[in-house]
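Work through the exercises below with the structure in view. Try each task before reading its solution.

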Amino acid sequence: MSRRLIVDFACNLGLSVDQIAGFIATHWLRPTVLSDRHFYRWQFLEPIGGEGKDYCVVALLGDEIVGFLGLNKRVFNASGERLNGAELTTWIVKEECRGTGVAKGMLELVKTNFEIAYGANITTDAVRAYMRMGFNFVREVPRLLRIYDFNKVAALGKVDAVIPKVYKISPAGRRSRQSFSSIDIAEIEGHWIDRFDRSPGNLMWRYKNHPIHHYHALRGDHGTILVYRIEEVAGVKVMITTDILFTKLPTPSIVDALDDFAFDHGIDFIDFFSSNGALNTALTRAGFIPCLDLRDFIDLAYLYNPLEVKSSKSYSLISYLKEGIRPGGLDVSSLHITKADCDLDRPNPAYLEKIGKAPHETSDC
């Protein structure tokens with residue numbers, strides 16, 4: 001008798017975290033922190049949208065796990081509408097089960113239960129499967145840089161001689177009329193449209209309670225909030241900006257204030273990824289370097305542990321919006337997807353080795 005295929009959320013299948021983490025460890029192409037049960041619990045059971053339940057998509061063939069798709073339930077705020085959203089990450093189908101309908105069944109479950117979904121950094125094989133199921137593909141999420149020490153930053157890749165001449169920033173006499181001040185992540189409040197939920201509970205989970213990274217937040221004039229962490233690699237101090245929250249688009253004076261902060265704290269460059277066209281345009285006009293437009297002139301690593309310069313220079317996205325929910329909703333440039341979403345800032349085992357800790361050995365921030 002042939003084994004029956006069942007596709008459902010993990011919380012409906014009675015599977016333990018250890019069982020799923022073991023499948024990930026065995027079948028993912030390279031080591032991943034998701035195979036650690038402590039990190040897995042933070043990633044998939046602690047987000048407020050799931051209310052303590054594991055909504056990862058799992059495919060069972062008989063009693064055997066043959067497929068896994070990481071999923072966080074998270075409301076998407078879309079111009080006054082609250083959509084039932086899903087953040088997708090790390091899709092695995094056991095090799096001998098590919099092409100047998102397992103993948104299709106997993107994506108059908110997502111489409112049936114959610115109005116909007118996004119996933120990041122998609123492999124070529126996975127893109128084909130997503131597109132066959134009606135998902136859209138964005139090859140590159142724009143990356144913007146603000147560089148303060150070009151000599152140091154050159155250690156991370158290629159910087160054409162024209163870039164420092166055009167984008168040089170001098171610390172002399174730079175005291176902005178505006179300023180950024182530190183703010184506790186627990187104190188961030190506001191309503192920001194066209195993005196996954198940034199409610200206090202979600203921000204606390206994503207940043208304050210992260211089991212590995214230590215995040216910080218700055219508040220500027222007009223309520224602009226910037227969330228970031230600091231990474232030091234190859235002697236370069238990087239301000240990895242995971243989110244910019246705003247009700248009014250950043251102005252050059254706000255960027256001047258950010259420059260003051262960077263110089264005061266010895267930051268060599270700011271690294272930021274964002275799908276939002278209006279925000280990216282505002283930052284570019286204020287002097288951030290648009291990497292996609294200048295790909296022939298600047299090519300820096302964005303994976304730091306291990307240090308790796310990728311030819312794509314960016315993250316990719318797949319997206320799904322249920323038909324009839326919101327016309328034009330798949331115009332990703334009008335939405336706001338950053339490293340705060342879809343697991344774009346998840347540590348890898350090389351980073352854990354660098355800091356000498358496992359996820360369960362690291363206290364909350």
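**Exercise 1.** Which residues make a nonpolar surface patch of about 240 Å²?

Solution. The model is a predicted one. In it, the patch is made by Val162, Val166 and Phe297. Take Val166 next: this residue lies in helix H6, residues 162–167. Its relative accessibility is 54%, and the cut-off for exposed is over 50%, so Val166 counts as exposed.

**Exercise 2.** Find the order of the strands in the open sheet that contains E1, and state which strands stand at its edges.

Solution. Step one: the order is E1-E2-E3-E6-E7-E21-E8, 7 strands with mixed pairing. Step two: strand E1 (5–9) and strand E8 (136–138) each have a single partner strand, so they stand at the edges, and one side of each lacks a neighbour in the sheet. Step three: on average, neighbouring strands of this sheet are turned by 25° against each other, direction ignored.

**Exercise 3.** Describe how strand E3 pairs with strand E6, and name a helix that packs on their sheet.

Solution. E3 (residues 64–73) and E6 (residues 85–93) are antiparallel and share 7 bridges. In one position, Lys73 stands opposite Ala86 of E6. Helix H4 (residues 124–132) packs on the sheet and touches E3, E6, E8 and strand E21 (317–321). The direction of H4 makes about 130° with that of E6.

**Exercise 4.** In the open sheet with the order E11-E13-E14-E15-E16-E9-E17, how many bridges join E13 to E14?

Solution. Strand E13 (residues 216–219) and strand E14 (residues 225–233) run antiparallel and are joined by 4 bridges. Within this pair, His216 has Tyr228 in E14 as its bridge partner.

Notes: Residues numbered from 1 in each chain as written. Predicted model: local features only at pLDDT ≥ 70, side-chain atom pairs only at ≥ 80, totals over all residues. Heavy atoms only, no water. Pairing = 2+ DSSP bridges. Helix = DSSP H or I, 4+ residues; strand = E, 2+ residues; numbered from the N terminus. Patch = residues over 30% accessible without salt bridge, like charges linked within 9 Å, V, L, I, M, F, W, Y side chains within 5 Å. Areas by Shrake-Rupley, 256 points an atom, 1.4 Å probe, with all protein chains shown as cover. Salt bridge = Lys/Arg side-chain N within 4 Å of Asp/Glu carboxyl O. Buried < 20%, exposed > 50% of the residue type's maximum accessible area, 1.4 Å probe, protein only. Axes fitted to C-alpha atoms, helices over the stretch in contact; angles between N-to-C directions. Contact = heavy atoms within 4.5 Å.
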